[in-house]
Amino acid sequence: MTRPGLSRRAALAAGLSLASAPAFAATPALRAASLRVLAADKGVIFGAAIEPEAVDSDFGFETLLRRQCASLAPENVMKWNALRPTRDGFDFTRADRFMAIAHDQGAQVHGHCLVWHEALPSWVEAELTPRTGRALLTDHIARVVGRYAGHIQAWDVVNEAVERNDRRPDGLRISPWFKALGPDYIAMAFHAAHAADPAATLVLSDYGLEYDDESWMVEKRGTMLALLRSLKAARVPIHALALQGHLIGGRPRAFGAGLRRFLAEVADLGLEIHITELDVDDRKISGSLDRRDGVVAEIYRTFLDTVLDEPAVTRVTTWGLSDRYTSKAGMFPRPDGQGVRPLPFDADLRPKIVVQAITDAFAVAPRRRARR
Ligand code: XIL
């Protein structure tokens with residue numbers, strides 16, 4: 001385990017090698033910083049995705065969340081495989097526990113996610129047909145959104161609907177939902193969510209919209225704008241676009257004029273913009289922990305400077321808060337066997353230099369007012 005708070009002498013005395021003891025030691029001001037408060041000063045809601053079990057088993061983590069987050073997102077417990085393990089009935093145990101934690105912390109909730117091609121239990125794939133699809137989709141949404149109506153301020157209604165490799169002219173992914181219901185499944189889902197909670201901000205969420213130097217992402221922005229325009233033209237109740245924000249180390253930080261222009265075009269449609277799954281894949285970043293954290297921090301800084309310049313960006317959620325609990329550890333481990341460090345706080349719950357970068361980005365961001 002790394003010990004960023006230790007002095008070099010103390011690290012030596014403790015038998016830790018200097019190579020693994022980062023020199024960055026958070027200042028008292030940084031240790032006292034609250035991202036929730038800094039974001040709120042600019043009209044932005046800052047939060048993190050969590051698993052309820054992490055909070056229930058870890059008082060230090062619970063305390064950190066309470067201090068840092070104005071909003072919590074369920075990393076997994078509101079996905080279909082969590083809520084619908086079998087065809088006969090729902091299991092709300094973990095989702096209810098998550099909601100109780102958010103309530104106890106006085107945090108808003110960004111729900112995730114009602115319709116996705118992943119995290120589907122096998123019985124759904126077998127049962128999802130043109131005949132059954134509509135009822136399956138709308139009943140699920142009515143039940144889940146209805147259960148938490150008034151307590152979930154924003155919902156990822158449809159997640160990852162665009163996939164260019166599926167080669168359709170409209171860019172839509174040929175997901176199980178698409179196969180059963182065609183392109184209309186998206187409008188259907190938004191209408192069902194709106195009926196179940198008319199006050200909730202309804203979000204279309206996707207990845208691969210962030211980088212200016214990646215041609216497929218630039219193309220995907222165009223596809224996304226066309227989709228958003230067609231949904232608006234059809235009076236579908238959609239209120240926000242979410243950029244997941246899974247960023248990547250070891251490549252240029254190409255968040256510039258292209259991204260800025262894309263966000264302005266989304267805002268021109270009258271939509272809010274949320275950053276919902278922010279983290280940095282650090283597999284390709286080498287060197288000391290200090291160097292690695294510095295590179296990750298600059299990625300956060302450049303990205304946030306660009307997106308927060310757009311006043312329609314009203315929410316920023318990181319995918320986890322501490323490196324102690326990050327899905328990157330299991331999904332994208334480092335080849336050198338060292339722990340991944342994708343998040344603002346380290347595995348000892350101490351602020352990394354990333355917190356400074358986020359703090360700076362909020363400090364220079366223009367003030368905004370949430371629109372809904
Ligand atoms: C991931 C979770 O973090 C993992 O714990 C889980 O095993 C798989 O899903 N895009 C999304 C999220 O919208 O729901 C995914 O979350 C990460 C990619």
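## Worked exercises on a predicted model

The backbone nitrogen of Ala 312 lies 2.9 Å from a polar atom in the side chain of Glu 310. Keep in mind as you work that this is a predicted model.

**Exercise 1.** Find where Glu 310 is located, and decide whether Glu 310 is buried or exposed.

*Solution.* Start with the secondary structure: Glu 310 belongs to the loop between α14 (289-308) and β9 (313-318). Next, look at the accessibility. The relative value for Glu 310 is 6%, and the cut-off for buried is under 20%, so Glu 310 counts as buried. Finally, return to the contact: a polar side-chain atom of Glu 310 is 2.9 Å from the backbone nitrogen of Ala 312.

**Exercise 2.** Arg 167 and Leu 349 each have a positive phi without being glycine. Work out the place of Arg 167 and of Leu 349, and say whether Arg 167 and Leu 349 are buried or exposed.

*Solution.* Take Arg 167 to begin with. Its phi is near 60°, and Arg 167 is in the loop between β4 (154-159) and α10 (176-181). Arg 167 counts as exposed because its relative accessibility is 72%. Now turn to Leu 349, where phi is about 70°. Leu 349 is in the loop between α15 (327-331) and α16 (353-364). With a relative accessibility of 15%, Leu 349 counts as buried.

**Exercise 3.** Describe the ligand site: which pocket holds the ligand, and what kinds of residues form the shell around the ligand?

*Solution.* Begin with the place: the ligand sits in the largest pocket. Then list the neighbours; among them are Glu 75, Lys 79, Trp 116, Asn 159, Glu 160, His 246, Glu 277, Trp 319 and Ser 327. Sorted by type, the shell has two nonpolar, six polar and four charged residues.

Now go through polar side-chain atoms and their distances to a ligand oxygen:

- His 112: 2.7 Å
- Asn 76: 2.9 Å, from an N or O atom of the side chain
- Gln 244: 3.4 Å

As a last step, consider the surface. On its own the ligand exposes 420 Å², and the protein buries 76% of that.

**Exercise 4.** Which residue does a cis peptide bond join to His 112, and in which strand does that residue lie?

*Solution.* Check omega: at about -15°, the peptide bond between His 112 and Cys 113 is cis. Then place Cys 113, which is part of strand β3 (residues 108-115). To link this with the previous exercise, recall that His 112 has a polar side-chain atom 2.7 Å from an oxygen atom of the ligand.

Methods. Residues are numbered from 1 along each chain as its sequence is written. This is a predicted model: local features need pLDDT of at least 70, side-chain atom pairs count only at pLDDT 80 or more; totals for chains, interfaces and linings use all residues. Side-chain values use heavy atoms; hydrogens and water are left out. A polar contact is a pair of N or O atoms within 3.5 Å; within protein, one must be able to donate a hydrogen and the other to accept it, and residues adjacent in sequence count only if both atoms are side-chain atoms. Accessible areas come from the Shrake-Rupley method with a 1.4 Å probe; for residues, only the protein chains shown count as cover. On a 1 Å grid over the protein atoms alone, a cavity is a set of points where a 1.4 Å probe fits but cannot get out, and a pocket is an open set with protein on both sides within 12 Å along at least five of seven lines; lining residues have an atom within 4 Å of a point. A molecule sits in a cavity or pocket if more than half of its atoms lie within 2 Å of its grid points. Ala, Val, Leu, Ile, Met, Phe, Trp, Tyr, Cys and Pro count as nonpolar, Asp, Glu, Lys and Arg as charged, and the others, Gly among them, as polar. Helices (H or I, at least four residues) and strands (E, at least two) are DSSP runs, numbered from the N terminus. Buried means under 20% relative accessible area, exposed over 50%, partly exposed in between (1.4 Å probe, protein chains only).
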